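Me: Could you take a close look at one sheet in this model for me? After that, I'd like to know what is around it.

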Amino acid sequence: MRALTWHGKHDVRVETVPDPQILNPRDAIIRVTATAICGSDLHLYDHYIPTMKSGDILGHEFMGEVVEVGPGNTKLRVGDRVVVPFVIACGKCFFCERLQFSACDNSNPADNADMSETLYGYPMTGAFGCSHLTGGYPGGQAEFVRVPFSDVGPIVIPDGIEDERVLFLSDILPTGWMAAENCQIQDGDVVAVWGCGPVGLFAIQSAFVQGAHRVIAVDHHPHRLELAKFMGAEVVNFDEVDVREALTEMTGGIGPDSCIDAVGMESHGFSADNMLDKAKAAVGLVTDRPHALRQVILACRKGGHVSIPGVYGGMADKFPIGALMEKGLFVATGQTHVQKYSEKLLKMILEDKLDTTFLISHRLPLEQAAHGYKIFKEEQNTVTKVVLHPGMSQVH
Amino acid sequence: MAEKISHTQYGDAPLSTAHNVDDDGINAEGLEAHSGDRLVSRSITINAPRQALYEFWRDLRNLPRFMENIRSISVSDNNRSHWVVDAPGGRQIEWDSMLIDDQPGSLLAWESAEGASVRNNGRIEFKDSTNGRGTVVTATIVYDPPAGNIGRMVAKLFEKEPQIQVRRDLRRFKQLMETGEVATSSPPNPQPKA
């Protein structure tokens with residue numbers, strides 16, 4: 001089959017690789033009909049995440065048709081159309097029983113689990129196409145993909161619903177939803193969102209659905225800020241204004257009740273702390289550049305909620321622990337418990353309560369995936385979301 | 001008993017987490033140790049009844065399903081088993097193991113028979129979680145770090161990272177017991193073991 005494979009920093013290629021096969025009883029094989037490039041794929045593309053190996057197949061946002069089902073799976077049938085959560089969860093362990101699917105104890109192969117146990121204290125769960133820290137599972141930017149524990153994750157999509165309306169159930173829609181949920185929004189709340197990429201945009205929409213009075217979006221790409229405005233947010237361009245002062249003034253001196261960091265470890269901007277982080281990251285002194293997160297913690301009102309859907313992987317420098325403690329902030333983080341939200345969000349999509357396609361800017365055949373990565377990386381203003389279709393004819 | 005250790009020396013923490021573990025400490029645990037012996041111990045919580053876990057483990061032929069490097073385990077009689085393990089460089093190590101304690105539903109203890117290349121003894125304990133989270137399984141192994149040429153080879157297998165080996169095996173045991181399968185992300189070896 002054809003698949004997008006990683007070979008090094010800014011080196012991804014569409015190659016012919018062996019077809020996946022059923023390895024365990026609860027597996028299924030999916031023929032991918034639509035898959036997307038995620039912002040966290042860019043962290044891999046930029047080689048910010050360790051444990052990548054040459055030839056790894058990327059992609060953790062995908063959907064398709066079930067073409068083969070293992071003997072231990074009584075839920076899926078060949079021919080089902082499914083969206084697959086990027087988090088692989090067994091459905092049986094302590095964490096899955098508590099709907100903390102992204103903490104599943106059993107989906108990361110035992111040998112891979114050592115690394116994250118050393119890094120984080122306990123082993124992390126498995127995920128598709130996201131380095132060997134999370135299991136080294138081949139991803140979905142491919143014609144076919146093997147889905148472990150396929151009786152738990154994949155959600156069956158009714159006929160007649162276009163792929164693009166439901167594709168983002170795989171990651172960014174529930175991620176934006178959980179980011180807003182982590183703010184525990186109350187009547188009258190003002191929510192500020194850093195980063196108007198796909199997760200930030202879905203967090204804005206979700207915050208409104210969950211009852212936010214106002215949402216203020218922070219970014220510096222004019223087109224992305226336009227999309228945030230289209231979703232109803234007020235916008236702040238950090239190239240033009242002092243973000244913290246702007247947020248303080250826009251909230252009558254109180255500050256936003258909740259702040260969402262939808263940026264993560266490769267924060268942009270030219271402030272002194274960010275330049276220092278960049279220099280340290282370049283020589284390996286730190287892994288994560290938390291400029292946005294520092295601003296989030298300072299801007300949030302006293303006693304407010306900080307929600308971090310943005311991806312961090314290792315150690316950060318100059319973390320404002322004093323502000324975090326003295327202000328009594330509540331922090332909620334984590335990879336998304338996708339399976340927890342699938343049914344609810346699918347229902348909301350079918351009832352037209354959520355707009356899931358407004359952020360798609362590019363549609364490319366899988367064969368042009370490498371080009372998709374390049375433009376998503378280099379033209380962030382206009383390239384907001386790239387959807388790849390295996391089998392789609394070449395376009396230029 | 002992983003949770004009951006010399007309270008004066010280690011507080012309530014298990015012996016295996018102490019900075020220094022000597023044979024006196026191990027003997028106080030009811031395990032046999034000589035000067036220089038090493039201790040490895042690890043606990044894992046499994047969301048399954050302890051009787052079922054015990055019974056699966058008690059049938060030693062099941063162990064290769066989740067233990068790495070084991071080529072075969074043959075049971076000679078109720079208390080004696082023969083273990084063959086793949087070692088680095090395509091070699092194999094064999095020894096006999098004697099079951100010395102068997103408390104159905106709660107404990108299995110063994111020691112290596114006379115002449116084993118790595119003298120070892122240990123136990124697997126199955127206890128109900130006190131807060132309703134299934135069964136706490138604790139594997140404890142005491143072994144004599146081998147010397148000499150074969151010792152160095154054996155050491156590669158057992159001594160270098162025994163802690164890692166034990167925790168990986170327990171993770172796979174948990175996966176198999178909770179989900180019915182051992183998680184893997186790579187196709188099987190084209191030449192599977194016999």
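Reply: Here's the sheet in chain B, followed by the chain contact and some parts of chain A.

Before the details, keep in mind that this is a predicted model, where local features need pLDDT of at least 70 and side-chain atom pairs count only at pLDDT 80 or more, while totals for chains, interfaces and linings use all residues. Residues are numbered from 1 along each chain as its sequence is written, with chains lettered from A and ligands numbered from 1 in the order in which they are written.

The sheet in chain B is open and has seven strands, in the order 1-7-6-5-4-3-2 with antiparallel pairing. Strands here are DSSP runs of E with at least two residues, helices are H or I runs of at least four, and both are numbered from the N terminus; two strands pair if DSSP finds at least two bridges between them. Strand 1 (38-46) and strand 2 (70-75) of chain B are the edge strands; each has a single partner strand, so one side of each is left without a neighbour in the sheet. From one strand to the next, the twist averages 20° (axes are lines fitted to C-alpha atoms, for helices over the stretch in contact, and angles run from 0 to 180 degrees between N-to-C directions).

Have a look at strand 6 (residues 120-128) and strand 7 (residues 135-143) of chain B: nine bridges pair them in the antiparallel sense. B:Glu125, for one, has B:Thr138 in strand 7 of chain B as its bridge partner. Helix 3 (residues 50-58) of chain B packs on this sheet and touches strand 1, strand 5 (107-112), strand 6 and strand 7 of chain B, its direction making about 155° with that of strand 6 of chain B. Touching means contact here: two residues with C-beta atoms, placed from the backbone, within 7 Å. Then there's helix 5 (residues 162-179) of chain B, which lies across strand 1 and strand 7 of chain B and runs at about 20° to strand 1 of chain B.

B:Val142 is a good residue to zoom in on, and it sits in strand 7 of chain B. B:Val142 counts as buried because it has 24 C-beta neighbours inside 10 Å; the cut-off for buried is 20 or more other C-beta atoms within 10 Å, with 12 or fewer for exposed and partly exposed in between. Leaving out neighbours within four places in sequence, its contacts include B:Ile26, B:Leu31, B:Leu39 and B:Asn120. B:Asp169 is 27 residues from B:Val142 in sequence, and their C-alpha atoms are 16 Å apart in space.

Now for the chain contact. Chain A puts in 24 residues and chain B 18 residues. On the chain A side, helix 3 (residues 110-120) of chain A provides the largest share, with four residues. That side has ten nonpolar, nine polar and five charged residues, where Ala, Val, Leu, Ile, Met, Phe, Trp, Tyr, Cys and Pro count as nonpolar, Asp, Glu, Lys and Arg as charged, and the others, Gly among them, as polar.

Chain A itself has 13 helices and 18 strands. Its radius of gyration is 20 Å, close to the 21 Å that the globule rule gives for 396 residues, so chain A is as compact as a globular protein of that length (the radius is taken over C-alpha atoms, and the rule is 2.2 Å times the number of residues to the power 0.38). Its C-alpha trace spans about 60 × 50 × 50 Å along the principal axes, and 54% of its 396 residues are buried.

Chain A also has an open sheet of three strands, in the order 2-1-4 with antiparallel pairing. Strand 2 (11-16) and strand 4 (56-57) of chain A are at the edges, each with a single partner strand, so one side of each is left without a neighbour in the sheet. Strand 1 (residues 2-8) of chain A is joined to strand 4 of chain A by two bridges, A:Thr5 being the bridge partner of A:Ile57. Six bridges join strand 1 of chain A to strand 2 of chain A, and there A:Trp6 partners A:Val12. Strand 1 and strand 2 of chain A form a hairpin with two residues between them, and A:His10 in the turn has a positive phi of about 60°.
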